[in-house]
Protein chains: 4
Amino acid sequence: MREKMMKVSIPLFDEKGYSETSIQDIVDCLGVTKGTFYYYYKNKQELLNDINLNFIEYMLEQQRTIVSNENNSGEDKIYHIIFMVISSIRTRKQHARIFIREMRHMENTNLNEIKQIRKEFKMNIQQLVDDGIKTGEFKHNLKSDIITLGILGMMNWTYYWYDPAGEVSAEEVANIFMDMIRTGIK
Amino acid sequence: MREKMMKVSIPLFDEKGYSETSIQDIVDCLGVTKGTFYYYYKNKQELLNDINLNFIEYMLEQQRTIVSNENNSGEDKIYHIIFMVISSIRTRKQHARIFIREMRHMENTNLNEIKQIRKEFKMNIQQLVDDGIKTGEFKHNLKSDIITLGILGMMNWTYYWYDPAGEVSAEEVANIFMDMIRTGIK
Amino acid sequence: MREKMMKVSIPLFDEKGYSETSIQDIVDCLGVTKGTFYYYYKNKQELLNDINLNFIEYMLEQQRTIVSNENNSGEDKIYHIIFMVISSIRTRKQHARIFIREMRHMENTNLNEIKQIRKEFKMNIQQLVDDGIKTGEFKHNLKSDIITLGILGMMNWTYYWYDPAGEVSAEEVANIFMDMIRTGIK
Amino acid sequence: MREKMMKVSIPLFDEKGYSETSIQDIVDCLGVTKGTFYYYYKNKQELLNDINLNFIEYMLEQQRTIVSNENNSGEDKIYHIIFMVISSIRTRKQHARIFIREMRHMENTNLNEIKQIRKEFKMNIQQLVDDGIKTGEFKHNLKSDIITLGILGMMNWTYYWYDPAGEVSAEEVANIFMDMIRTGIK
DNA sequence: AATGAATGAGAGTTCATTCAT
DNA sequence: AATGAATGAACTCTCATTCAT
């Protein structure tokens with residue numbers, strides 16, 4: 001039931017916003033009553049925590065798999081992360097947007113956990129950049145943290161414009177971004 | 001008074017969120033009563049409209065000045081836009097974040113106006129890329145729209161991490177980003 | 001200015017109701033500001049008092065003229081009162097309805113004055129009935145007070161259905177009512 | 001609970017008026033909180049709808065029973081309707097006055113329904129008059145619609161003056177009115 | 001004679017939450 | 001496992017009224 005509640009809440013939270021979605025809205029989707037909600041969840045925040053944790057843990061897990069693949073170069077790994085993020089939009093666009101927008105409404109305890117995971121997600125990319133600098137794969141004078149934040153910006157922004165049903169495939173976008181990151185537009 | 005209300009609302013809207021900020025919160029900051037708010041504003045939304053329009057019009061104006069400078073190359077202009085955006089964080093960080101997050105709460109009429117301006121902001125960049133492709137300044141096989149969205153992502157994300165009081169100057173960030181965009185990290 | 005305010009308030013009070021009409025609504029019709037209203041009127045109630053007094057005094061005056069005409073029989077006088085009331089709808093329909101519906105909102109002092117006038121209006125009719133009984137013009141066993149209330153009911157109700165622009169003239173309605181009152185429908 | 005709320009609201013709506021009665025007034029009578037009101041009613045209007053529908057449906061039902069009684073003549077039926085209306089004052093005076101005065105505040109959907117019922121109530125009387133004309137029970141040259149409006153006026157006005165606790169019984173008033181309608185005062 | 005800024009009290013309504021059943 | 005009644009606090013918004021200018 002907790003799963004069902006998460007599932008119906010995600011489109012509601014994305015479309016109307018967390019604050020604007022009432023418990024009533026959620027239980028209406030399931031044909032149950034508000035009491036039922038509180039049987040499964042302590043409060044509304046807990047549901048948001050669940051949703052956000054579920055998302056970021058999934059993303060981190062995917063990223064870890066990519067990073068730990070020893071057959072690929074750093075560059076390959078960065079590419080695969082970008083591709084993974086953009087691909088995830090097909091099934092997790094709403095999920096991702098909630099994550100970005102509604103973090104503010106989380107309890108402190110869970111917020112810290114999430115920030116930790118988020119940091120790891122970022123650091124994994126930064127590490128790839130740093131490694132590349134060390135091995136000579138990348139330029140030697142890069143500021144890896146800012147480069148990483150640039151890459152994250154490009155990726156995260158896709159949640160606001162990329163349409164998986166549109167003409168451009170996730171692969172194409174990933175390729176274009178990776179090209180720009182690798183050799184620029186000049 | 002409308003100005004004063006905008007001014008105190010911006011930090012509130014950024015920190016607590018638009019929905020979570022009550023009219024009471026706003027008027028308390030000014031030492032006036034709720035009635036006063038409604039003397040100057042038709043409703044809460046109108047205040048948000050004001051805030052958002054004020055922001056995006058400022059940004060567009062700055063961008064127009066940059067773009068219309070005939071002494072600079074396309075590349076220079078892109079650089080100046082990036083620098084302008086990051087510099088704007090010093091005085092407009094909260095303003096910008098409200099703009100990005102709370103657009104959903106705007107009235108339709110004003111929303112359309114804002115979307116229009118936003119589109120122009122984007123198209124101005126895309127035009128620079130297109131021009132660069134035509135003149136040979138940039139690679140000839142670029143997908144300018146996606147490249148532009150990548151650049152916008154990098155810039156917009158800075159509102160969430162860049163600290164103007166920190167060690168790295170806006171100029172440095174702009175340089176790093178511009179380098180990546182120009183020649184990549186390889 | 002007090003007159004002008006009364007004039008624009010009457011349609012507003014009739015259509016929206018006294019409570020639902022705001023001072024703002026009233027002053028908007030005149031292109032002045034709320035302050036102006038309070039320059040001429042102590043408060044909203046005073047305006048209603050004015051409107052209602054104006055109406056009932058006019059009605060009473062008309063009635064007095066009819067009653068004091070020594071050429072007419074009692075029956076004639078009753079007829080003329082009915083005709084006068086129904087004729088008054090053309091110019092005072094809204095006025096009359098406000099009078100009937102919004103008396104509740106009047107101050108006590110004025111309310112008493114109005115009730116007094118209203119009573120006189122009623123007693124003038126009742127007197128005609130009583131006179132008729134005494135002179136043998138009417139049946140001798142009539143309960144004049146209840147008969148009077150019946151006649152008043154017929155007349156007052158016309159404010160809710162009679163359309164002066166419709167096909168039936170005020171004269172016709174007065175004739176029909178008077179016929180019924182005189183000789184019934186049998 | 002909806003019933004209880006209707007019950008306490010009727011005197012409030014009659015004495016203070018619909019607009020002047022607050023939800024707080026209503027719930028105070030029941031010792032519950034405003035939230036409870038909104039658990040049972042969508043809004044204030046819905047309560048008024050309930051009250052008004054309840055009244056007019058009761059009146060129509062009573063009228064239908066009278067009209068459908070095949071043992072009575074048309075004249076008898078008109079008498080019984082008048083008597084029924086005046087008798088209803090004992091238990092429904094306030095109810096009736098709310099109905100007459102506060103129709104303006106009803107939603108359109110319900111308003112139409114109510115107007116329909118009201119029309120039927122009127123047409124049932126008019127039909128009796130028409131029948132009487134046809135059968136020769138009544139004068140042949142009557143304008144039945146205006147006669148009916150006259151009768152309705154007499155009856156409806158009783159809600160504003162008849163005191164069931166006073167000296168005159170409902171039966172007496174009905175008899176006096178019926179006499180006037182039948183044979184007039186001459 | 002008229003304005004415009006401000007007030008303050010209260011309105012209707014929403015909603016997360018509780019809890020006995 | 002689930003309900004349904006109830007709460008209470010907060011919210012947006014309205015408006016008659018005041019008063020210095």
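**Entry 1: chains B and D**

How far apart do the closest C-alpha atoms of chain B and chain D lie? I found that they lie 21 Å apart and that no contact joins the two chains. I count two residues as in contact if their C-beta atoms, placed from the backbone, lie within 7 Å. Chain B does not touch chain C either, and I read 12 Å between their nearest C-alpha atoms.

**Entry 2: conventions**

I note that this is a predicted model, in which local features need pLDDT of at least 70 and side-chain atom pairs count only at pLDDT 80 or more, while totals for chains, interfaces and linings use all residues. Residues are numbered from 1 along each chain as its sequence is written, and chains are lettered from A and ligands numbered from 1 in the order in which they are written.

**Entry 3: chain A against chain B**

I looked up the contact of these chains and found 29 residues of chain A against 30 residues of chain B. Helices α7 (144-161) and α8 (170-183) of chain A each give at least two residues to the side that touches chain B. I take helices (H or I, at least four residues) as DSSP runs, numbered from the N terminus. The largest share of that side, 10 residues, belongs to α7(A). By class, I record 15 nonpolar, seven polar and seven charged residues there. Here Ala, Val, Leu, Ile, Met, Phe, Trp, Tyr, Cys and Pro count as nonpolar, Asp, Glu, Lys and Arg as charged, and the others, Gly among them, as polar.

**Entry 4: relation of the two copies**

I superposed chain A on chain B by a rotation of 179° with 0.0 Å of shift along its axis, at an RMSD of 0.2 Å; the fit is by least squares on the C-alpha atoms of residues with pLDDT of at least 70 in both. That relation is the one of a two-fold axis. In chain A, the C-alpha of A:Gly184 is nearest the axis, at 1.9 Å. The same surface serves both copies, with 100% of the contact residues of chain A recurring in chain B.

**Entry 5: chain D against chain C**

This contact takes 29 residues from chain D and 30 residues from chain C. On the side of chain D that touches chain C, I found α7 (144-161) and α8 (170-183) of chain D each supplying at least two residues. The largest share, 10 residues, comes from α7(D).

**Entry 6: the DNA strands**

Which residues are closest to DNA strand E? I list A:Asn43, B:Gly35, C:Gly35, D:Ser22 and D:Asn43, out of 30 residues that surround the strand. A residue counts as near if its C-beta atom, placed from the backbone, lies within 6 Å. Among the elements that give two or more residues to this surface are α2 (23-30) and α3 (34-40) of chain A. The surface near DNA strand E has 10 nonpolar, 14 polar and six charged residues.

Around DNA strand F, I also found 30 residues, of which A:Gly35, B:Ser22, C:Asn43, D:Val32 and D:Gly35 come nearest. The classes near DNA strand F are 10 nonpolar, 14 polar and six charged.

**Entry 7: a helix pair in chain A**

I read an angle of about 155° between α5 (residues 74-101) and α6 (residues 108-135) of chain A, with their axes 9 Å apart. Axes are lines fitted to C-alpha atoms, for helices over the stretch in contact, and angles run from 0 to 180 degrees between N-to-C directions. The helices α5(A) and α6(A) are therefore roughly antiparallel (an angle over 145 degrees).

Key:
Angles under 35 degrees count as roughly parallel, over 145 as roughly antiparallel, 65 to 115 as roughly perpendicular and the rest as oblique.
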